[in-house]
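The following account is intended to be read alongside the sequence and the three-dimensional model. It begins with the overall form and then turns to individual residues.

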Amino acid sequence: MGAFIKRFNNYSCIEKNDTTDISCLSHYTSNIQALSNICSGEFWATDINDFDDKCEGILILRQINEIISDLNIFSDNQKQYIYDLIGDDKKIENFIKEHRTAVLSMCLDTDSEYLWDNYAKKDGYNIIFDKNVFVNSLFICTAKGKKRENSCIKHSKIIYNDKEQKDVIEKEINDLISLNEFGLDDATKIEYILRHLMYIGNFYKQECEKKNEYKNEKEYRILINTSAPTEFCTDIEGMIPKYCFNDKNERHYNILEFDRKSIKKIVCNSIKAKEDIENIITDIPIVLRAND
């Protein structure tokens with residue numbers, strides 16, 4: 001493996017944000033069926049292309065277009081390759097669609113007023129996990145039934161600070177552009193760099209968007225990223241997670257499995273919510289949310 005590919009596969013800039021002081025994670029929901037699925041040991045990680053927020057995934061690619069004008073390390077040809085791939089929002093959309101990125105959103109706050117109000121609602125739930133047991137047990141199965149664990153699942157808290165994001169982008173670009181790889185032409189090298197940055201960008205959100213709405217989510221994200229099958233490369237379909245479709249919300253998803261013993265308890269936002277699940281889930285502690 002050459003120096004460029006080795007650096008391309010280095011995602012320590014994501015991993016360093018997964019701090020050791022995170023002991024618990026939460027997942028808020030108002031959907032009893034989703035709750036039941038989760039308590040059986042599986043999450044449905046939604047394809048980022050099906051998110052209601054169409055800005056998801058494109059933030060860092062927009063930033064790259066701005067940053068390269070300030071960096072004197074690209075040739076005119078390299079700049080043209082970048083423009084051809086992500087020069088405007090339509091190109092960015094097409095670039096993202098060449099990949100399948102499934103996202104599971106958790107929360108660092110185990111009693112978030114914002115998430116109770118916006119996700120769990122009046123009669124909803126907060127499922128609280130032991131973070132280490134949960135993330136260490138995560139796995140997916142390919143369409144051919146092969147179990148895949150750590151190498152293809154990334155997880156970390158979301159970074160909202162614009163300056164921190166920009167500093168990381170510039171370092172990753174500088175590191176990668178300075179390395180060469182035998183047999184890799186300039187156009188392919190640029191595409192690899194953009195794929196690397198796109199992956200990192202899935203852990204970034206805008207700090208000031210919608211009056212800090214994103215920041216209020218205190219999101220911890222689990223991510224699965226693969227290439228999307230094409231008519232020229234159909235074999236990949238069996239090597240990546242089964243691509244499922246939920247006809248109720250019209251969204252695609254990958255199934256992400258975990259050790260259900262990582263669930264510490266289910267917190268209910270009302271007596272009704274508690275009564276609705278007590279006969280369905282019998283081996284996980286169910287408690288009523290404490291209201292001041």
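The paragraphs below move from the whole chain to its cores, and from there to selected sites.

The coordinates are those of a predicted model. The protein comprises twelve helices and twelve strands. Its radius of gyration is 20 Å, close to the 19 Å that the globule rule gives for 292 residues, so the protein is as compact as a globular protein of that length. Along the principal axes, the C-alpha atoms fill a box of roughly 65 × 45 × 35 Å. Of the 292 residues, 48% count as buried. Among contacts with a separation of 6 or more, 78% join residues that lie 24 or more positions apart.

The accessible surface of the protein comes to about 15200 Å², and 46% of this surface belongs to carbon and sulfur atoms. The protein carries 40 positive and 51 negative charges, and the mean positions of these two sets are 3 Å apart.

The interior may be considered next. In soluble globular proteins, nonpolar side chains tend to be buried together. In this model the largest nonpolar core has 39 residues, and those with the most contacts inside it are Leu61, Ile64, Phe74 and Ile86. At least two residues of this core are supplied by each of helices H1 (3-8), H2 (12-15), H4 (59-67), H5 (76-86), H6 (89-97), H9 (162-177) and H10 (186-201). The largest share, seven residues, comes from H10. Isoleucine 64 illustrates the packing: with residues up to four places away in sequence left out, Ile64 touches Ile86, Ile169, Leu194 and Leu197. A second, separate core has 32 residues, including Leu25, Cys39, Leu256 and Ile263.

Two buried residues in strands offer a closer view of long-range contacts. Arginine 100 is placed in strand E3, which spans residues 99-107. What is the burial state of this arginine, given its relative accessibility of 14%? Buried means under 20% relative accessible area, and at 14% arginine 100 therefore counts as buried. Beyond the residues up to four places away in sequence, arginine 100 touches Asp47, Ile224, Asn225, Thr226, Ser227, Ala228, Pro229, Glu237, Ile240 and Tyr243.

One of these partners, Thr226, may be examined from its own side. Threonine 226 is located in strand E8, residues 219-227. Threonine 226 has a relative accessible area of 16% and is likewise buried. Apart from neighbours within four places in sequence, threonine 226 is in contact with His99, Arg100, Ile240 and Pro241. Ile240 is thus listed among the contacts of threonine 226 and also among those of arginine 100.

Attention now passes to backbone geometry. Helix H7 (113-120) precedes a loop that leads to strand E4 (125-130), and lysine 121 is found in that loop. The buried residues of H7 are Tyr114, Leu115, Trp116 and Ala120. H7 is followed by lysine 121, which has a positive phi of about 65° although it is not a glycine. Lysine 121 is partly exposed, with a relative accessible area of 43%.

Lysine 218 also has a positive phi, near 45°, in a residue other than glycine. This lysine is found in the loop between helix H11 (213-216) and E8, the strand that holds threonine 226. Lysine 218 counts as partly exposed, at 42% relative accessibility.

Finally, sequence separation can be set against distance in space. How far apart in space are glutamate 15 and serine 156, C-alpha to C-alpha? They are 6.5 Å apart, although 141 residues separate them in sequence. Glutamate 15 is found in helix H2, one of the helices that supply at least two residues of the largest core. Glutamate 15 itself counts as partly exposed, at 44% relative accessibility.

A further pair is threonine 282 and aspartate 247, which are 35 residues apart along the chain and whose C-alpha atoms are separated by 29 Å. Threonine 282 is found in the loop between helix H12 (271-277) and strand E12 (286-288). Exposed means over 50% relative accessible area, and threonine 282, at 68% relative accessibility, therefore counts as exposed.

Notes. Residues numbered from 1 in each chain as written. Predicted model: local features only at pLDDT ≥ 70, side-chain atom pairs only at ≥ 80, totals over all residues. Heavy atoms only, no water. Helix = DSSP H or I, 4+ residues; strand = E, 2+ residues; numbered from the N terminus. Rg over C-alpha atoms; globule rule 2.2 N^0.38 Å. Buried < 20%, exposed > 50% of the residue type's maximum accessible area, 1.4 Å probe, protein only. Contact = heavy atoms within 4.5 Å. Areas by Shrake-Rupley, 256 points an atom, 1.4 Å probe, with all protein chains shown as cover. Lys, Arg positive; Asp, Glu negative; His and termini not counted. Charge placed at Lys NZ, Arg CZ, Asp CG, Glu CD. Core = buried A, V, L, I, M, F, W, Y, C linked by side-chain atoms within 4.5 Å.
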